[in-house]
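Please open the model in your viewer and keep the selection panel at hand. The tour below goes from one selection to the next and says what is found at each stop.

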Amino acid sequence: MRAAVFPGSFDPLTNGHIDIVERALTIFDRIVVAVVTQSSKKSLFSVPERLEMISHHFRGSGGKVEVQSFSGLLVEYVRQVGASAIIRGLRAISDYDYEAQMALMNRTLSGGIETFFLMAREENAYISSSVVRQIALLGGDVSKLVPPFVETALRRKFAEGRPIG
Ligand code: ADP
């Protein structure tokens with residue numbers, strides 16, 4: 001049983017994240033999608049809202065996708081949930097510096113936990129949660145970027161008049 005953790009902000013969940021989870025499931029038996037709670041980024045959706053969105057999307061996975069929040073050291077968390085690997089997505093070369101630093105640091109800290117990178121699909125390479133938030137704020141169409149229930153949640157959030165983070 002090989003398990004991996006896919007950590008991130010998921011603010012909100014996008015088609016890019018979903019594709020990474022689906023492709024990671026062709027390699028790993030179980031993926032734990034882990035919403036980072038102590039991010040320095042100001043968030044639009046609360047952690048419970050983000051957990052709910054991700055759980056809703058993967059509700060039919062038959063337990064292969066778990067959704068949790070976590071804080072603290074990622075490598076400790078990976079061990080705690082019985083996983084041996086970290087999954088990250090790579091979109092552009094601009095993702096590389098930060099990701100390489102994190103992957104090397106996590107391997108040094110853990111002495112064995114590997115980070116696996118999946119290249120974003122071409123059609124998703126330009127999707128980021130921040131671009132989605134920006135388009136939704138400005139009233140643009142995000143239907144090709146996120147699942148329908150995320151689109152609805154975005155519309156509701158901006159109807160509430162909440163400022164963007
Ligand atoms: P973080 O703040 O940790 O980068 P994100 O929610 O922005 O959290 O991203 C979580 C992971 O998903 C990261 O590895 C990121 O590279 C990946 N990711 C985000 N958007 C896409 C996309 N469109 N295609 C593939 N991977 C993506």
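How do the residues of the shell around the ligand divide into nonpolar, polar and charged? In this predicted model, six of them are nonpolar, six are polar and three are charged.

Begin by selecting the ligand together with the 15 residues around it, among which Ser9, Phe10, Lys41, Gly89 and Asn124 come nearest. Then display the polar atoms and look at Phe10, where a polar backbone atom is 2.9 Å from an oxygen atom of the ligand. Turning to Arg88, you will find a polar side-chain atom that lies 3.1 Å from an oxygen atom of the ligand, while at Arg91 a polar side-chain atom lies 3.3 Å from a nitrogen atom of the ligand. If you now switch on a surface, bear in mind that the ligand has 540 Å² of accessible area on its own, and that the protein covers 91% of that area.

The space that the ligand takes is the largest pocket. For the secondary structure around the ligand, colour β1 (3–8), α1 (15–24) and β4 (85–90), which are the elements that give two or more residues to the shell.

Next, select the loop between β1 and α1, where Phe10 is found. Is Phe10 buried or exposed? Phe10 counts as buried because its relative accessibility is 2%, and the cut-off for buried is under 20%. The backbone of Phe10 also deserves a look, since its phi is near 50°, a positive value in a residue other than glycine. Pro12 is found in the loop between β1 and α1 as well, and a cis peptide bond, with omega about 5°, joins Asp11 and Pro12. As background to these two stops, most residues other than glycine have a negative phi, and most peptide bonds are trans.

Now leave the ligand and select helix α5 (residues 129–137), in which Ala136 has its place. With a relative accessibility of 14%, which is under 20%, Ala136 counts as buried. Draw a distance from the C-alpha of Ala136 to that of Arg155, and you should read 7.0 Å between two residues that are 19 apart in sequence.

The last selection is helix α6 (residues 148–159), where Ala159 is placed. Ala159 has a relative accessible area of 67% and is therefore exposed, the cut-off being over 50%. A distance drawn from the C-alpha atom of Ala159 to that of Val81, 78 residues apart along the chain, comes to 38 Å.

Definitions and conventions: Residues are numbered from 1 along each chain as its sequence is written. This is a predicted model: local features need pLDDT of at least 70, side-chain atom pairs count only at pLDDT 80 or more; totals for chains, interfaces and linings use all residues. Side-chain values use heavy atoms; hydrogens and water are left out. A residue is near a molecule or strand if one of its heavy atoms lies within 4 Å of it. A polar contact is a pair of N or O atoms within 3.5 Å; within protein, one must be able to donate a hydrogen and the other to accept it, and residues adjacent in sequence count only if both atoms are side-chain atoms. Accessible areas come from the Shrake-Rupley method with a 1.4 Å probe; for residues, only the protein chains shown count as cover. On a 1 Å grid over the protein atoms alone, a cavity is a set of points where a 1.4 Å probe fits but cannot get out, and a pocket is an open set with protein on both sides within 12 Å along at least five of seven lines; lining residues have an atom within 4 Å of a point. A molecule sits in a cavity or pocket if more than half of its atoms lie within 2 Å of its grid points. Helices (H or I, at least four residues) and strands (E, at least two) are DSSP runs, numbered from the N terminus. Ala, Val, Leu, Ile, Met, Phe, Trp, Tyr, Cys and Pro count as nonpolar, Asp, Glu, Lys and Arg as charged, and the others, Gly among them, as polar. Buried means under 20% relative accessible area, exposed over 50%, partly exposed in between (1.4 Å probe, protein chains only).
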